[in-house]
There are 2 protein chains.
Amino acid sequence: MSEKISEAELVVMEALWEQSPQTANDVADRVAADREWSLQTVKTLLSRLMSKDVIAAEQDGRRFLYRPMVARDDYVASESGRLVNRLFGGRVSPLVAQLASQDQLTAEDIAELEEILKGLKS
Amino acid sequence: MSEKISEAELVVMEALWEQSPQTANDVADRVAADREWSLQTVKTLLSRLMSKDVIAAEQDGRRFLYRPMVARDDYVASESGRLVNRLFGGRVSPLVAQLASQDQLTAEDIAELEEILKGLKS
DNA sequence: CGCTATTGACTACAAGCGTAGATGATGCGA
DNA sequence: TCGCATCATCTACGCTTGTAGTCAATAGCG
């Protein structure tokens, strides 16, 4: 489907998902929390995301307001699916087993997982 | 830690994880199931994996026997962790919720997840 | 002992990525 | 109306990736 979003581009996407629409400057400010990027870098990333059709811009006076064209949920879904397929042969439980063995599961996670399972069984 | 393994390189790693040690030819044959790569391509990938120190080679006559230096489990663990951190703020349950909402959970997965949770609670 | 087939090393090359400078248009304040 | 600040666009450049060709060494066969 929509082209691959690179690591750096994703940081910009996150900023837009957090709030939109935003000007390039807004995005740069928001991104500055994570990365030490110049404004130019952020603009380049915005323009690459534009050509990948994952964001759109609407003109507002002499600047542009950018907004995401793909929902974060959709992106996250496709990335998670890709990982599960690549590394776990499409099976989800080994992934969780893996994370569990790394102690990446918080008590809260465990409780929530139980909820999820309960919901699925009915 | 060890450097990033690219998509194509991962295919080669999978072949080595499946069985090792193997010669370049063995790997190429095994890889041929997935990808239409020339033997040269596989050799290049092997040599890049060597310089990334994720595989090692031992000389056997005039050829080399390659073997992985990182366990598949370790790699998988770090990749899963990365994904969970990048996309879910380190929380595991939203990942599973996400996959569940895509119907990626098989009945078997659900049963196994219950087992995992049971194990964790004790 | 010389030739050929095999094998790793070196080289290549286009596309994508991370990072950013230079340029050019333009709206606004003086 | 003129200069400046502000934007977006164009260009750049070194690095990685995907894919593969060529070269040089060498082991084994005849």
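This is a guided tour of a predicted model with two protein chains, A and B, and two DNA strands, C and D.

**Stop 1: the two chains together**

Select chains A and B. Superposing chain B on chain A takes a rotation of 179° with 0.0 Å of shift along its axis, and the RMSD is 0.1 Å. The two copies are therefore related as by a two-fold rotation axis.

Now select the contact between the chains. Chain A gives 29 residues to it, and chain B gives 29 residues. On the side of chain B that touches chain A, α4 (72-88), α5 (93-101) and α6 (107-121) of chain B each give two or more residues. The largest share of that side comes from α6(B), with nine residues. Colour the side of chain B that touches chain A by class: 17 residues are nonpolar, six are polar and six are charged.

Do the copies meet through the same surface or through different ones? Of the interface residues of chain B, 100% are also interface residues in chain A, so the surface is the same.

**Stop 2: the largest nonpolar core**

Stay with both chains. Which residues of the largest nonpolar core touch the most other members? Select A:V92, A:V96 and A:L99, then B:V92, B:V96 and B:L99. The core holds 22 residues. Both chains build it: α4 (72-88), α5 (93-101) and α6 (107-121) of chain A each supply at least two residues, and so do α4, α5 and α6 of chain B.

Centre on B:V92. Set aside its neighbours within four places in sequence. B:V92 is then in contact with A:V96, A:L99, A:Q104, A:L105 and A:D109 from chain A, and with B:V84 from chain B.

**Stop 3: DNA strand C**

Show DNA strand C and the residues around it. There are 23 of them, and A:S6, A:E7, A:A8, A:T44 and B:A24 come nearest. Both chains take part here. From chain A, α1 and α3 give two or more residues each to the surface near DNA strand C; from chain B, α2, α3 (39-51) and β2 (63-68) do so. By class, this surface near DNA strand C has eleven polar, seven charged and five nonpolar residues.

**Stop 4: DNA strand D**

Switch to DNA strand D. How many residues surround DNA strand D? The number is 23, and the closest are B:S6, B:E7, B:A8, B:T44 and A:A24. Look at the elements next. At least two residues each of the surface near DNA strand D come from α1 (7-18) and α3 of chain B, and from α2, α3 and β2 of chain A. The classes near DNA strand D are eleven polar, seven charged and five nonpolar residues.

**Stop 5: helix α1 of chain A**

Select residues 7-18 of chain A. At 1.5 Å a residue, the twelve residues of this helix α1 should span 16 Å, and the end C-alpha atoms are 17 Å apart, which agrees.

Which residues of α1(A) are buried? Pick out A:V11, A:V12, A:M13, A:A15 and A:L16. These buried residues of α1(A) pack against α2 (24-31), α3 (39-51), β1 (55-60) and β2 (63-68) of chain A.

**Stop 6: the loops after α1**

Move on to A:P21. This residue sits in the loop between α1 and α2 of chain A. The peptide bond from A:S20 to A:P21 is cis, with omega near 0°.

Now go to B:P21, in the loop between α1 and α2 of chain B. The bond from B:S20 to B:P21 is cis, again with omega near 0°.

**Stop 7: B:D26**

Select B:D26, in helix α2 (residues 24-31) of chain B. B:D26 has 17 C-beta neighbours inside 10 Å, so it counts as partly exposed. Add B:L39, which is 13 residues away along the chain; the two C-alpha atoms are separated by 10.0 Å.

**Stop 8: the loops after α3**

Finish at A:D53, in the loop between α3 and β1 of chain A. A:D53 is not a glycine, yet has a positive phi of about 65°. Is A:D53 buried or exposed? With 12 C-beta neighbours inside 10 Å, A:D53 counts as exposed.

Then select B:D53, in the loop between α3 and β1 (55-60) of chain B. The phi of B:D53 is near 60°, a positive value in a residue other than glycine. B:D53 has 12 C-beta neighbours inside 10 Å, so B:D53 counts as exposed.

Conventions
Residues are numbered from 1 along each chain as its sequence is written. Chains are lettered from A and ligands numbered from 1 in the order in which they are written. This is a predicted model: local features need pLDDT of at least 70, side-chain atom pairs count only at pLDDT 80 or more; totals for chains, interfaces and linings use all residues. Two residues are in contact if their C-beta atoms, placed from the backbone, lie within 7 Å. Helices (H or I, at least four residues) and strands (E, at least two) are DSSP runs, numbered from the N terminus. Ala, Val, Leu, Ile, Met, Phe, Trp, Tyr, Cys and Pro count as nonpolar, Asp, Glu, Lys and Arg as charged, and the others, Gly among them, as polar. Copies are superposed by least squares on the C-alpha atoms of residues with pLDDT of at least 70 in both. A residue is buried if 20 or more other C-beta atoms lie within 10 Å of its own, exposed if 12 or fewer, and partly exposed in between; C-beta atoms are placed from the backbone. The expected span of a helix is 1.5 Å times one less than its number of residues. A residue is near a molecule or strand if its C-beta atom, placed from the backbone, lies within 6 Å of it. A nonpolar core is a set of buried Ala, Val, Leu, Ile, Met, Phe, Trp, Tyr and Cys residues joined through C-beta atoms within 7 Å.
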